[in-house]
Amino acid sequence: MDPLVSEWLELILRWAHVIAAVMWIGDSFLFMWMDSSLTAPSRTREGTVVGELWMVHSGGFYEVVKRRSLAPGELPQKLHWFKWEAYTTWLSGFFLLIVVSYLGGGGILWFERGLPPGGPWAAFGWTVLLLVAGWLAYDALWRSPLARRPVHAALVSFALIGLGAFGLTSLYGGRAGYLTLGAMLGTIMAANVWRRIIPAQNQMLAATRAGRPVDVSLGERAKTRSIHNHYLTLPVVFTMLSSHFPTTYGSRWSWLVLLLVFVFGAAAKYVMNRHARSNRLVVLAGVAALVAVVALTTRTPVSATATADLRAHPPVRYETVRTILELRCTTCHAATPSNPAFPRPPAGVVVEEPKHVRRLAQRILVRAVVTRTMPPANLTGMTDDERRQLGAWIVQGAHLEPAGP
């Protein structure tokens, strides 16, 4: 695909994806906040009223009343639904995944462990299967008898997420593993809306219109799925952003980093929902998870032993470093990249000028030597010896003048 066409497609899809996601997540935040802020009715109200809420915004006052169900005479002429945000988010994300990760052979940039036989499109086929399998496994679990014990079902769900994180990062590497797991969870969230939440509400409305008793358990089960979606939002957003931050997915313990982020995200959502009524153990778990993530991803990039070995390495001249960068890095990180997948240098990083290379030395050390996340999927074939020479040059002072006698 023409790089300019690909860039425009990515821009349009990413724009639509972000806007739709903001609307969907915003709705989730708002409704969960309203549910947690409802108070008992201040006066006698007809119908199955479970709570009321007063809000002020934009120069006006809003009265919200929540009913568990509606009587035939209470059906409004206009009922506002909240579903298209979810569908648009998933559809734009699905096509964005195709454009960014697979079109034009770009998929190879994502898979550090190598592509399966058949190339990027075979990998995409496996991704689609994983999306479907993830939803089927989750839905089967929460429709099983175990769902009557939410704590146990939640623990099993978390264990399955952990297994998925470990398996995907081991199979594809951190970058593609994070993205694929995020896509699986995003698919579960959208399918919850499409297959469980909206159909349940439609069944309740159909019973009301027909004058039949309304099965309010349908609404309760739909609410459970909505809560699941709510608690998944922060981790899923993290997986979508993580590809720009190799420190996370490039960690040796990338799967554990992801799980700890899930714990922190769930704890943060719990605090936001419960406010001052938050359980201290949940808060402590969230703080501990965050501290652990920071410790795992920001510890000393190179161990003392490795640093000593690099310092003891024969002096490396900048000319050697320049040759390595030209051969392995400037296909992407040049003012005009030769790699068609990048019309512009990624993140604006250019390593053609010595002064720029020296300024970026520590970043190069972390990404090319320690985490080995650059080049992506080792697309240009950087050797272990070349990585050692880069590391030695940086550890020894990143001198631009000739080294040695």
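**A buried helix and its surroundings**

In helix H14, the buried residues are Glu386, Arg387, Gln389, Leu390, Gly391, Ala392, Trp393, Ile394 and Val395. The model in which this helix appears is a predicted one. H14 covers residues 384–395, 12 residues in total, and because 9 of these 12 are buried, the helix is largely enclosed by the rest of the structure. A residue is called buried here when its relative accessible area is under 20%. From its first C-alpha to its last, H14 reaches 16 Å, close to the 16 Å expected at 1.5 Å a residue. Beyond the helix comes glycine 397, which has a positive phi, near 120°.

One of the elements in contact with H14 is helix H13, which spans residues 361–370. Its buried residues are Ala361, Ile364, Leu365, Arg367, Ala368 and Val369. Those residues pack against H14, and also against helix H7 (246–249) and helix H12 (354–359). Just after H13, arginine 372 adopts a positive phi of about 60°. Positive phi values thus appear in the model both at arginine 372, just after H13, and at glycine 397, following H14.

The strands offer another view of the fold. Strand S1 takes in residues 49–57 and strand S2 residues 60–67; the two run antiparallel and are joined by 8 bridges. Within this pairing, methionine 55 has tyrosine 62 of S2 as its bridge partner. S1 and S2 form a hairpin, with 2 residues between the strands. In the turn of that hairpin, serine 58 has a positive phi of about 55°.

These elements can now be placed in the chain as a whole. The protein chain contains 14 helices and 2 strands. Along the principal axes, its C-alpha atoms fill a box of roughly 90 × 50 × 50 Å. Of the 405 residues in the chain, 42% are buried. When contacts between residues at least 6 apart in sequence are considered, 63% of them join residues at least 24 apart.

The surface and the charges complete the description. The protein chain exposes about 22300 Å², and carbon and sulfur atoms supply 65% of that area. The chain carries 39 positive and 23 negative side chains. The centres of these two sets of charges lie 7 Å apart.

Methods: Residues numbered from 1 in each chain as written. Predicted model: local features only at pLDDT ≥ 70, side-chain atom pairs only at ≥ 80, totals over all residues. Heavy atoms only, no water. Helix = DSSP H or I, 4+ residues; strand = E, 2+ residues; numbered from the N terminus. Expected span 1.5 Å × (residues − 1). Buried < 20%, exposed > 50% of the residue type's maximum accessible area, 1.4 Å probe, protein only. Pairing = 2+ DSSP bridges. Contact = heavy atoms within 4.5 Å. Areas by Shrake-Rupley, 256 points an atom, 1.4 Å probe, with all protein chains shown as cover. Lys, Arg positive; Asp, Glu negative; His and termini not counted. Charge placed at Lys NZ, Arg CZ, Asp CG, Glu CD.
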